[in-house]
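Thank you all for making the time this morning. I would like to walk through one structure with you, taking the helix packing to begin with, then the core, and then a few details of the backbone.

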Amino acid sequence: MTITITVFERSLDEGRGLARDMRVRWALAEVGQPYEVRLVPWEAFKEPAHLARNPFGQIPTYEEGDLTLFESGAIVFHIAERFPGLLPKDVDARARAIMWMFAALSTVEPPIIDREIVEYVEGGKSWQGERFAMVDERIRARLNQLSARLGDAEWLDGAFSAADITMVHVLRRLEGSGLLEEYPNLSAYIARAEARPAYKRAFAAQLAVFEANRG
Ligand code: GTB
(Lines give C-alpha, C1' and ligand atoms only; values in the text may rest on other atoms or scores of the structure.)
Protein backbone atom coordinates (compact mmCIF):
# COMPACT_ATOMS: atom_id res chain seq x y z
CA MET A 1 0.00 0.00 0.00
CA THR A 2 1.39 3.39 -0.96
CA ILE A 3 2.43 5.67 1.88
CA THR A 4 2.14 9.41 1.23
CA ILE A 5 3.42 12.11 3.56
CA THR A 6 2.95 15.85 3.36
CA VAL A 7 5.92 18.22 3.55
CA PHE A 8 6.60 21.92 3.04
CA GLU A 9 6.82 22.79 -0.63
CA ARG A 10 9.41 25.35 0.43
CA SER A 11 10.78 24.84 3.91
CA LEU A 12 12.06 27.84 5.85
CA ASP A 13 14.94 25.79 7.21
CA GLU A 14 16.73 25.87 3.85
CA GLY A 15 17.10 22.10 3.65
CA ARG A 16 18.55 21.62 7.16
CA GLY A 17 16.01 18.90 7.92
CA LEU A 18 14.55 20.65 10.96
CA ALA A 19 10.88 20.52 9.95
CA ARG A 20 9.00 17.60 11.41
CA ASP A 21 8.62 15.64 8.19
CA MET A 22 12.30 14.70 8.71
CA ARG A 23 11.34 12.44 11.67
CA VAL A 24 8.80 10.65 9.56
CA ARG A 25 11.13 10.32 6.57
CA TRP A 26 13.84 8.97 8.87
CA ALA A 27 11.53 6.39 10.47
CA LEU A 28 10.38 5.22 7.02
CA ALA A 29 13.98 5.01 5.84
CA GLU A 30 14.96 2.96 8.92
CA VAL A 31 12.23 0.38 8.22
CA GLY A 32 12.94 0.41 4.48
CA GLN A 33 9.52 1.62 3.37
CA PRO A 34 9.24 3.69 0.19
CA TYR A 35 6.87 6.66 0.31
CA GLU A 36 5.51 9.41 -1.83
CA VAL A 37 5.56 13.06 -0.94
CA ARG A 38 2.76 15.57 -1.33
CA LEU A 39 4.20 19.08 -1.39
CA VAL A 40 2.06 21.63 0.44
CA PRO A 41 2.55 25.27 -0.52
CA TRP A 42 2.15 27.82 2.32
CA GLU A 43 -1.16 29.12 0.95
CA ALA A 44 -2.67 25.60 1.04
CA PHE A 45 -1.97 24.83 4.72
CA LYS A 46 -5.32 26.12 5.98
CA GLU A 47 -7.41 25.12 2.95
CA PRO A 48 -10.08 22.43 3.29
CA ALA A 49 -8.09 19.74 1.44
CA HIS A 50 -5.21 19.98 3.91
CA LEU A 51 -7.42 20.61 6.96
CA ALA A 52 -9.13 17.30 6.14
CA ARG A 53 -5.74 15.64 6.67
CA ASN A 54 -4.78 17.71 9.72
CA PRO A 55 -7.36 19.91 11.51
CA PHE A 56 -4.52 22.17 12.68
CA GLY A 57 -3.33 22.77 9.12
CA GLN A 58 0.23 21.57 9.69
CA ILE A 59 2.71 19.15 8.19
CA PRO A 60 3.61 16.32 8.38
CA THR A 61 0.67 14.03 7.70
CA TYR A 62 0.70 10.38 6.72
CA GLU A 63 -1.68 8.55 4.43
CA GLU A 64 -1.75 4.80 3.96
CA GLY A 65 -4.90 3.37 2.37
CA ASP A 66 -7.87 4.52 4.46
CA LEU A 67 -5.66 5.70 7.30
CA THR A 68 -4.76 9.38 7.62
CA LEU A 69 -2.63 10.52 10.55
CA PHE A 70 -1.26 13.84 11.76
CA GLU A 71 1.18 14.58 14.64
CA SER A 72 4.74 13.53 13.91
CA GLY A 73 5.02 11.54 17.16
CA ALA A 74 1.90 9.50 16.40
CA ILE A 75 3.13 8.92 12.85
CA VAL A 76 6.58 7.71 13.95
CA PHE A 77 4.89 5.49 16.56
CA HIS A 78 2.57 4.04 13.91
CA ILE A 79 5.49 3.32 11.57
CA ALA A 80 7.34 1.63 14.45
CA GLU A 81 4.31 -0.54 15.22
CA ARG A 82 3.47 -1.30 11.60
CA PHE A 83 6.95 -2.31 10.43
CA PRO A 84 9.65 -4.19 12.32
CA GLY A 85 12.89 -2.62 13.51
CA LEU A 86 12.04 0.45 15.56
CA LEU A 87 10.48 -0.92 18.75
CA PRO A 88 11.78 -3.75 20.95
CA LYS A 89 9.70 -6.93 21.14
CA ASP A 90 10.18 -7.24 24.90
CA VAL A 91 7.12 -5.66 26.52
CA ASP A 92 9.01 -3.69 29.16
CA ALA A 93 11.66 -2.44 26.74
CA ARG A 94 8.90 -1.44 24.34
CA ALA A 95 7.12 0.52 27.06
CA ARG A 96 10.35 2.34 27.88
CA ALA A 97 10.95 3.23 24.22
CA ILE A 98 7.44 4.68 24.02
CA MET A 99 8.06 6.55 27.29
CA TRP A 100 11.16 8.16 25.75
CA MET A 101 9.17 9.19 22.68
CA PHE A 102 6.73 10.99 24.96
CA ALA A 103 9.62 12.48 26.92
CA ALA A 104 11.15 13.88 23.74
CA LEU A 105 7.89 15.45 22.62
CA SER A 106 6.34 16.62 25.87
CA THR A 107 9.31 17.27 28.17
CA VAL A 108 12.31 18.15 26.00
CA GLU A 109 10.73 19.75 22.92
CA PRO A 110 8.50 22.46 24.52
CA PRO A 111 11.29 24.75 25.81
CA ILE A 112 13.11 24.29 22.49
CA ILE A 113 10.01 25.49 20.66
CA ASP A 114 9.77 28.41 23.10
CA ARG A 115 13.31 29.37 22.04
CA GLU A 116 12.25 29.38 18.39
CA ILE A 117 9.34 31.64 19.26
CA VAL A 118 11.69 34.06 21.04
CA GLU A 119 14.06 33.95 18.06
CA TYR A 120 11.60 34.25 15.17
CA VAL A 121 8.41 35.78 16.56
CA GLU A 122 9.61 38.03 19.35
CA GLY A 123 12.59 39.49 17.48
CA GLY A 124 13.02 43.24 18.03
CA LYS A 125 11.21 43.30 21.40
CA SER A 126 13.08 45.18 24.13
CA TRP A 127 12.90 42.14 26.40
CA GLN A 128 14.08 39.57 23.83
CA GLY A 129 17.51 39.20 25.48
CA GLU A 130 15.99 38.49 28.91
CA ARG A 131 13.55 35.97 27.41
CA PHE A 132 16.41 34.20 25.62
CA ALA A 133 18.31 33.90 28.91
CA MET A 134 15.25 32.50 30.72
CA VAL A 135 14.37 30.01 28.01
CA ASP A 136 17.99 28.90 27.60
CA GLU A 137 18.15 28.14 31.33
CA ARG A 138 15.02 25.97 31.02
CA ILE A 139 16.57 24.17 28.05
CA ARG A 140 19.86 23.68 29.93
CA ALA A 141 17.96 22.13 32.84
CA ARG A 142 16.49 19.53 30.47
CA LEU A 143 19.77 18.93 28.65
CA ASN A 144 21.61 18.50 31.98
CA GLN A 145 19.11 15.82 32.99
CA LEU A 146 19.12 14.10 29.62
CA SER A 147 22.91 14.19 29.42
CA ALA A 148 23.20 12.70 32.92
CA ARG A 149 20.84 9.87 32.03
CA LEU A 150 22.41 9.11 28.65
CA GLY A 151 25.94 9.05 30.07
CA ASP A 152 28.18 7.00 27.79
CA ALA A 153 25.33 4.94 26.36
CA GLU A 154 24.99 4.69 22.61
CA TRP A 155 21.20 5.08 22.56
CA LEU A 156 18.51 6.04 25.07
CA ASP A 157 17.59 2.53 26.18
CA GLY A 158 19.54 -0.36 24.70
CA ALA A 159 19.14 -0.78 20.95
CA PHE A 160 18.40 2.14 18.60
CA SER A 161 14.63 2.73 18.45
CA ALA A 162 11.89 5.16 17.45
CA ALA A 163 12.69 6.95 20.71
CA ASP A 164 16.13 7.91 19.38
CA ILE A 165 14.65 9.18 16.11
CA THR A 166 12.29 11.41 18.05
CA MET A 167 14.81 12.62 20.63
CA VAL A 168 17.61 13.28 18.15
CA HIS A 169 15.34 15.23 15.86
CA VAL A 170 14.06 17.32 18.76
CA LEU A 171 17.64 18.05 19.88
CA ARG A 172 18.74 18.92 16.36
CA ARG A 173 16.43 21.92 16.48
CA LEU A 174 18.97 23.49 18.84
CA GLU A 175 21.62 23.53 16.12
CA GLY A 176 23.12 26.97 15.83
CA SER A 177 22.11 27.97 19.37
CA GLY A 178 25.46 26.96 20.90
CA LEU A 179 23.67 24.98 23.62
CA LEU A 180 24.37 21.49 22.30
CA GLU A 181 28.12 22.14 22.34
CA GLU A 182 27.92 22.37 26.15
CA TYR A 183 27.04 18.65 26.22
CA PRO A 184 29.68 16.48 24.49
CA ASN A 185 27.76 13.24 25.06
CA LEU A 186 24.57 14.68 23.55
CA SER A 187 26.54 16.05 20.59
CA ALA A 188 28.11 12.61 20.10
CA TYR A 189 24.65 10.98 20.38
CA ILE A 190 23.34 13.23 17.59
CA ALA A 191 26.43 12.60 15.44
CA ARG A 192 25.99 8.83 15.88
CA ALA A 193 22.41 9.08 14.74
CA GLU A 194 23.28 11.31 11.78
CA ALA A 195 25.86 8.73 10.65
CA ARG A 196 23.15 6.09 10.16
CA PRO A 197 22.55 5.31 6.48
CA ALA A 198 18.77 5.73 6.93
CA TYR A 199 19.26 9.19 8.43
CA LYS A 200 21.44 10.17 5.48
CA ARG A 201 18.85 8.93 2.97
CA ALA A 202 16.06 10.82 4.71
CA PHE A 203 18.15 13.98 4.96
CA ALA A 204 19.07 13.81 1.26
CA ALA A 205 15.41 13.32 0.32
CA GLN A 206 14.23 16.45 2.15
CA LEU A 207 17.19 18.45 0.84
CA ALA A 208 16.31 17.44 -2.72
CA VAL A 209 12.80 18.86 -2.24
CA PHE A 210 14.22 22.12 -0.93
CA GLU A 211 16.67 22.43 -3.81
CA ALA A 212 14.07 21.61 -6.45
CA ASN A 213 11.67 24.25 -5.10
CA ARG A 214 13.91 27.06 -3.91
CA GLY A 215 12.82 30.39 -5.28
N1 GTB B 1 2.88 18.75 17.03
C2 GTB B 1 2.92 18.77 15.58
C3 GTB B 1 3.72 17.57 15.06
O4 GTB B 1 4.59 17.09 15.79
O5 GTB B 1 3.43 17.09 13.95
C6 GTB B 1 3.53 20.09 15.14
C7 GTB B 1 3.57 20.18 13.65
C8 GTB B 1 4.16 21.53 13.20
O9 GTB B 1 4.40 22.46 14.01
N10 GTB B 1 4.38 21.63 11.90
C11 GTB B 1 4.93 22.82 11.35
C12 GTB B 1 3.88 23.46 10.47
O13 GTB B 1 3.18 22.79 9.75
C14 GTB B 1 6.11 22.46 10.48
S15 GTB B 1 7.42 21.77 11.40
N16 GTB B 1 3.77 24.80 10.53
C17 GTB B 1 2.87 25.53 9.69
C18 GTB B 1 1.65 25.99 10.41
O19 GTB B 1 1.50 25.70 11.62
O20 GTB B 1 0.84 26.66 9.76
C21 GTB B 1 7.95 23.20 12.33
C22 GTB B 1 9.13 23.83 11.71
C23 GTB B 1 8.98 24.76 10.74
C24 GTB B 1 10.08 25.37 10.21
C25 GTB B 1 11.34 25.04 10.71
N26 GTB B 1 12.47 25.70 10.19
O27 GTB B 1 12.34 26.45 9.22
O28 GTB B 1 13.54 25.53 10.72
C29 GTB B 1 11.49 24.11 11.69
C30 GTB B 1 10.36 23.51 12.20
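What you have in front of you is a predicted model, and I will start with one pair of helices, α3 and α4, whose axes come within 11 Å and cross at roughly 160°. Since angles over 145 degrees count as roughly antiparallel, α3 and α4 are therefore roughly antiparallel to each other, and the crossing in which α3 passes α4 is right-handed. On the α3 side the contact is made by G73, V76, F77 and E81, and on the α4 side by R94, I98, M101 and L105. If we sort the residues of this contact by character, we find five nonpolar, one polar and two charged.

Let me set beside that a second pair, α6 and α7, which pack at an angle of about 115° with their axes 10 Å apart. Here the crossing is left-handed, and the residues that meet are D164, M167, V168, L171 and R172 from α6 and Y189, I190, A193 and E194 from α7. This contact of α6 with α7 divides into six nonpolar residues, no polar ones and three charged ones.

That brings me to the interior. Which residues have the most contacts inside the largest nonpolar core? They are W26, Y62, I79, M167 and L171, in a core that has 55 residues. At least two residues of this core come from each of β1, α1, α3, α4, α5, α6, α7 and α8, and α4, which spans 91–121, gives the most, with nine residues. A second core, separate from that one, consists of six residues and includes F8, V40, A44 and I59. As background, nonpolar side chains in soluble globular proteins tend to be buried together.

W26 deserves a closer look. Leaving aside residues up to four places away in sequence, W26 touches F160, D164, I165, V168, H169, A193, A198, Y199 and A202. Among these partners, D164 and V168 belong to the α6 side of the α6 and α7 contact, and A193 to the α7 side. The helix α1, which runs from 21 to 30, is mostly covered, with nine of its 10 residues buried; the buried set is D21, M22, R23, V24, R25, W26, A27, L28 and A29, so charged residues are included, given that Asp and Arg count as charged. After α1 comes G32, with a positive phi near 70°.

Finally, there are some backbone details that I would ask you to check on your own screens. E14 sits in the loop between β1 and α1 and, although not a glycine, has a positive phi of about 60°. Is E14 buried or exposed? Its relative accessibility is 58%, so E14 counts as exposed, the cut-off for that being over 50%. E14 and Q206 lie 192 residues apart in sequence, yet their C-alpha atoms are 9.9 Å apart in space. E71, in the loop between β4 and α3, is another residue other than glycine with a positive phi, in this case near 80°, and at 45% relative accessibility E71 counts as partly exposed. Lastly, the peptide bond from I59 to P60 is cis, with omega near 5°; P60 is found in the loop between α2 and β3, while I59 belongs to the second core that I mentioned earlier.

Technical notes: Residues are numbered from 1 along each chain as its sequence is written. Side-chain values use heavy atoms; hydrogens and water are left out. A nonpolar core is a set of buried Ala, Val, Leu, Ile, Met, Phe, Trp, Tyr and Cys residues joined through side-chain atoms within 4.5 Å. Buried means under 20% relative accessible area, exposed over 50%, partly exposed in between (1.4 Å probe, protein chains only). Helices (H or I, at least four residues) and strands (E, at least two) are DSSP runs, numbered from the N terminus. Contact means heavy atoms within 4.5 Å. Axes are lines fitted to C-alpha atoms, for helices over the stretch in contact, and angles run from 0 to 180 degrees between N-to-C directions. Angles under 35 degrees count as roughly parallel, over 145 as roughly antiparallel, 65 to 115 as roughly perpendicular and the rest as oblique. A crossing is left-handed if the near helix is turned anticlockwise from the far one by less than a right angle, and right-handed if clockwise.
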